[in-house]
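Morning, everyone. Please have the sequence and the structure open side by side. I'll go strand by strand, then turn to a helix and the core.

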Amino acid sequence: MSSAKGRLLSLVGRLALREAELVAAVDLAPWLRRITLAGAGLRGVTARPGDKVQVLLPSADVRTFTPIGWDAAAGQVELVLFRRDACVAGRWIGALREGERCRFVGPQRSLDLGVDGAVVIVGDETSLAVATAVARAGRDVHAVLEVDDVDGTRAAARALGVEATPVARVGDDGHLGALVDGVRAALASRPTARVALTGRAQTIQRVRRELGASTRGPASVRPYWSTGKVALD
């Protein structure tokens with residue numbers, strides 16, 4: 001089913017949307033694709049780590065993704081797309097082929113990560129993109145992620161140049177204690193790091209409660225999804 005935002009963007013068309021062509025796609029894991037979009041309308045545009053683009057899918061749904069790199073001179077943007085085959089966005093991501101057109105809004109601000117200093121990203125597979133954007137900016141970043149595929153996440157993170165601690169999901173959120181321990185370990189060597197809490201809303205709530213005042217650096221919060229809900233950003 002299309003969204004109200006998607007139907008509005010479809011109506012305003014070229015007045016609000018950038019248009020680009022898919023020129024490259026690489027599968028980093030069965031559930032993760034890195035794509036490159038190119039177009040004249042992307043030239044002269046810059047994106048900061050933590051910015052987002054909102055893509056209008058063919059179904060008129062809208063999904064949000066984080067640019068991992070934007071080449072203003074060439075007019076190209078790279079995205080890392082997490083796919084779940086059972087959802088509309090996952091099916092779209094899996095079917096993407098070179099030469100297809102893509103329309104989107106952005107870049108827009110999503111997470112305030114500052115301009116320098118270390119960052120600890122807390123989240124899940126959907127958070128690999130923002131961690132990559134920070135790493136590509138030359139900053140010290142460590143991602144602590146709840147995931148289904150630990151080995152696949154480690155391999156994808158290495159391919160993206162991201163230092164990561166993946167924690168395997170278990171039933172009833174029994175893994176969240178280990179996730180919090182991973183965050184504490186990352187902060188131990190980065191005591192003034194900016195903390196970015198991303199991914200699932202329920203996990204963010206638990207991590208904030210467990211960490212309390214132990215996050216000495218500034219924190220940013222941006223849930224990407226919630227149990228039973230998607231596309232929160």
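Start with one pair: E19 stands opposite R103 in β7. β7 is the strand of residues 101-109, and 4 bridges join β1 to β7, running antiparallel. Two strands pair if DSSP finds at least two bridges between them. The strands themselves are DSSP runs (E, at least two residues), and helices are DSSP runs too (H or I, at least four), numbered from the N terminus.

A word on the source. This is a predicted model, where local features need pLDDT of at least 70, side-chain atom pairs count only at pLDDT 80 or more, and totals for chains, interfaces and linings use all residues. Residues are numbered from 1 along each chain as its sequence is written, and side-chain values use heavy atoms, with hydrogens and water left out.

Back to β1. Its other partner here is β2, residues 32-38: the two pair in the antiparallel sense over 7 bridges. How many residues lie between β1 and β2 in their hairpin? There are 2. Within this pairing, L22 stands opposite L37 in β2.

Now helix α4, residues 150-160. V150, G152, T153, A156, A157 and L160 are buried there. Buried means under 20% relative accessible area, exposed over 50%, and partly exposed in between (1.4 Å probe, protein chains only). Why do they sit on the same side of α4? Because they cover an arc of only 160° around the axis, taken from the directions from the helix axis to the C-beta atoms. In general, an α-helix has 3.6 residues a turn, so residues three or four places apart point the same way. On the other side of α4, D151 and R158 are exposed.

Look at the ends. D149 caps the N-terminal end of α4, with a side-chain oxygen 2.8 Å from the backbone nitrogen of G152. After α4 comes G161, whose phi is positive, near 80°.

Next, the core. A nonpolar core is a set of buried Ala, Val, Leu, Ile, Met, Phe, Trp, Tyr and Cys residues joined through side-chain atoms within 4.5 Å. The largest one has 28 residues, and L32, L113, I121, L128 and L160 touch the most other members. Its largest share, 5 residues, comes from α3. A second, separate core of 20 residues includes L22, V77, W92 and F104. We met L22 earlier, opposite L37.

Last, the cysteines. C87 is partly exposed, at 30% relative accessible area. C102 is buried, at 6%.

Key:
A polar contact is a pair of N or O atoms within 3.5 Å; within protein, one must be able to donate a hydrogen and the other to accept it, and residues adjacent in sequence count only if both atoms are side-chain atoms.
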